[in-house]
Amino acid sequence: MKKLFSATMVLALIVVLAACGSTGDGGKQELAKELHVYNWSEYIDPEIYSDFEQEFGVKVIEDTFSSNEDLLAKLQAGATGYDLIVPSDYMVAIMIELDLVSELNYDNIPNFKNIDDLFKDPPYDPGNKYSVPYQWGTTGIGYNADELDEPPDSWGYLFDPEMAAPFAGKMSMLNDSREAMGAALKYLGYSVNSTNEQELEEAKQVLIRQKEWVSAYDSDGFEDLLAAGEVMIGQGWSGDYFAAAEDAPQVWYIIPMEGGVIWTDNLAIPKTASSQYTAEAFINYLLRPEVGAKITNYTWYGSPNKASSEFIDPEILEEPAIYPPAEVMAKLEFLHDVGEATAIYDRMWTEIKTE
Ligand code: N2P
């Protein structure tokens with residue numbers, strides 16, 4: 001009996017060792033010492049990085065980019081050393097097409113279950129094979145509510161010669177080809193995804209005419225320019241303006257009546273990442289209900305994490321300019337990959353900036 005028992009033990013040990021593979025580390029993958037995140041500026045509560053380091057012993061190092069196009073250019077130029085990136089919807093599609101991002105291993109991201117069904121299986125990444133939604137928001141107009149007599153409820157305040165001229169030298173625009181062209185296209189009554197060269201040419205002319213009034217093309221500090229009184233009005237992203245309004249209550253944000261851009265930014269792992277496993281561990285951490293809420297309570301952007309809702313400030317959840325009502329939502333468009341027309345957008349943007 002005794003002999004049989006030990007034979008079983010030996011057999012069990014062999015089975016366990018075989019399951020562990022040749023690494024002899026118990027089958028578990030190891031976390032890297034560092035995680036390099038390439039993110040938009042001010043897009044996460046920095047405490048989240050230190051909390052993660054505290055709990056997992058992984059130091060998070062962040063570098064920032066200002067537009068999807070900059071992020072793409074950086075990866076295409078062969079940048080290595082980024083483990084996690086935050087591309088918007090249409091850029092996820094482009095990166096999948098270009099084979100720049102890795103398929104995710106959802107065994108390491110069980111908290112994906114916390115994501116709202118509305119954000120799962122998006123058209124830009126069917127089945128979320130390559131990306132996990134991070135935050136969502138809109139693009140509209142930020143303004144100084146003390147200085148303006150009425151809310152600037154139309155893109156005309158940025159583009160129409162009569163309406164915009166009073167803000168000459170006190171106006172900012174996003175330094176972003178798709179966003180700037182998108183706003184001009186919307187002002188003209190066209191789609192933000194137009195590929196019609198005539199429409200794009202009209203939008204370009206609108207942006208060239210506008211240069212006379214614009215004092216800054218800025219995607220990183222546009223809300224600070226407004227808060228500091230350096231500009232009175234500008235194009236920008238919802239959350240950054242609201243975050244600035246906490247300290248500068250004259251800062252406010254509106255979605256123009258013509259509509260604007262709605263976007264979802266996503267977590268994705270570049271093919272060149274040094275530890276996919278560590279990046280997935282971090283994604284899983286970000287998807288915890290409390291951590292998801294901590295992101296939104298800092299950024300003032302919408303959270304796709306349903307389980308986070310109970311921890312998000314009611315002030316944010318109840319703000320219609322952050323979570324717009326259905327009739328406003330209906331006027332918003334997602335940017336899509338415009339395929340070959342991307343080259344036209346890029347060329348026109350260069351022409352606008354260098355005119
Ligand atoms: C955060 C920028 C939001 C990203 N500062 C816009 N897609």
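A cavity here is a set of grid points, computed over the protein atoms alone, where a 1.4 Å probe fits but cannot get out, and a molecule sits in a cavity if more than half of its atoms lie within 2 Å of the grid points of that cavity. In this predicted model, the ligand sits in the largest cavity. The protein that holds the ligand has 355 residues, of which 52% count as buried, and its secondary structure comes to 15 helices and nine strands. Taken along the principal axes, the C-alpha atoms of the protein fill a box of roughly 95 × 45 × 35 Å.

**The ligand and its surroundings**

- The residues that surround the ligand are Trp 40, Ser 41, Tyr 43, Ser 88, Trp 237, Asp 240, Trp 263, Asp 265 and Tyr 301, and when this shell is sorted by class, five of its residues are nonpolar, two are polar and two are charged.
- Two aspartates of the shell approach nitrogen of the ligand with their side chains: a polar side-chain atom of Asp 240 lies 2.9 Å from a nitrogen atom of the ligand, and for Asp 265 the distance from a polar side-chain atom to a nitrogen atom of the ligand is likewise 2.9 Å.
- Ser 41 takes part through its backbone, one polar atom of which is 2.7 Å from a nitrogen atom of the ligand.
- The ligand would expose 260 Å² if it were taken alone, and the protein buries 98% of that area.

**The loop that holds Glu 42**

- Glu 42 is found in the loop that runs between strand β1, residues 34-40, and helix α2, residues 46-56.
- The phi angle of Glu 42 is near 50°, which is a positive value in a residue other than glycine.
- Most residues other than glycine have a negative phi.
- Is Glu 42 buried, partly exposed or exposed? Its relative accessibility is 41%, and because buried means under 20% and exposed over 50%, Glu 42 counts as partly exposed.

**The loop between α4 and β4**

- Asp 121 lies in the loop between helix α4, residues 89-97, and strand β4, residues 132-144, and although Asp 121 is not a glycine, its phi is positive, at about 55°.
- Asp 116 also lies in the loop between α4 and β4, and with a relative accessible area of 19% this residue is buried, because the limit for buried is under 20%.
- Although Asp 116 and Ala 307 are 191 residues apart in sequence, their C-alpha atoms are 8.0 Å apart in space.

**Buried residues in helices and a strand**

- Helix α11, which spans residues 276-286, is mostly covered, since nine of its 11 residues are buried; the buried residues are Thr 278, Ala 279, Glu 280, Ala 281, Phe 282, Ile 283, Asn 284, Tyr 285 and Leu 286.
- Ile 295 has its place in helix α12, residues 289-299, where it is buried, with a relative accessible area of 2%.
- Gln 235, found in strand β7, residues 233-237, counts as buried at 0% relative accessibility, and its side chain reaches the backbone nitrogen of Leu 174 at 3.2 Å.
- Asn 68 belongs to helix α3, residues 68-76, and is buried, with a relative accessible area of 3%.
- Leu 207 is part of helix α8, residues 197-210, and is buried as well, its relative accessible area being 1%.

**Distances along the chain and in space**

- Ile 295 and Ile 44 are 251 residues apart in sequence, yet the distance between them in space, C-alpha to C-alpha, is 5.5 Å.
- For Asn 68 and Leu 148, which are 80 residues apart along the chain, the C-alpha atoms are separated by 32 Å.
- Leu 207 and Asp 107 are 100 residues apart in sequence, and from C-alpha to C-alpha they are 47 Å apart in space.

Notes: Residues are numbered from 1 along each chain as its sequence is written. This is a predicted model: local features need pLDDT of at least 70, side-chain atom pairs count only at pLDDT 80 or more; totals for chains, interfaces and linings use all residues. Side-chain values use heavy atoms; hydrogens and water are left out. A residue is near a molecule or strand if one of its heavy atoms lies within 4 Å of it. A polar contact is a pair of N or O atoms within 3.5 Å; within protein, one must be able to donate a hydrogen and the other to accept it, and residues adjacent in sequence count only if both atoms are side-chain atoms. Accessible areas come from the Shrake-Rupley method with a 1.4 Å probe; for residues, only the protein chains shown count as cover. On a 1 Å grid over the protein atoms alone, a cavity is a set of points where a 1.4 Å probe fits but cannot get out, and a pocket is an open set with protein on both sides within 12 Å along at least five of seven lines; lining residues have an atom within 4 Å of a point. Ala, Val, Leu, Ile, Met, Phe, Trp, Tyr, Cys and Pro count as nonpolar, Asp, Glu, Lys and Arg as charged, and the others, Gly among them, as polar. Buried means under 20% relative accessible area, exposed over 50%, partly exposed in between (1.4 Å probe, protein chains only). Helices (H or I, at least four residues) and strands (E, at least two) are DSSP runs, numbered from the N terminus.
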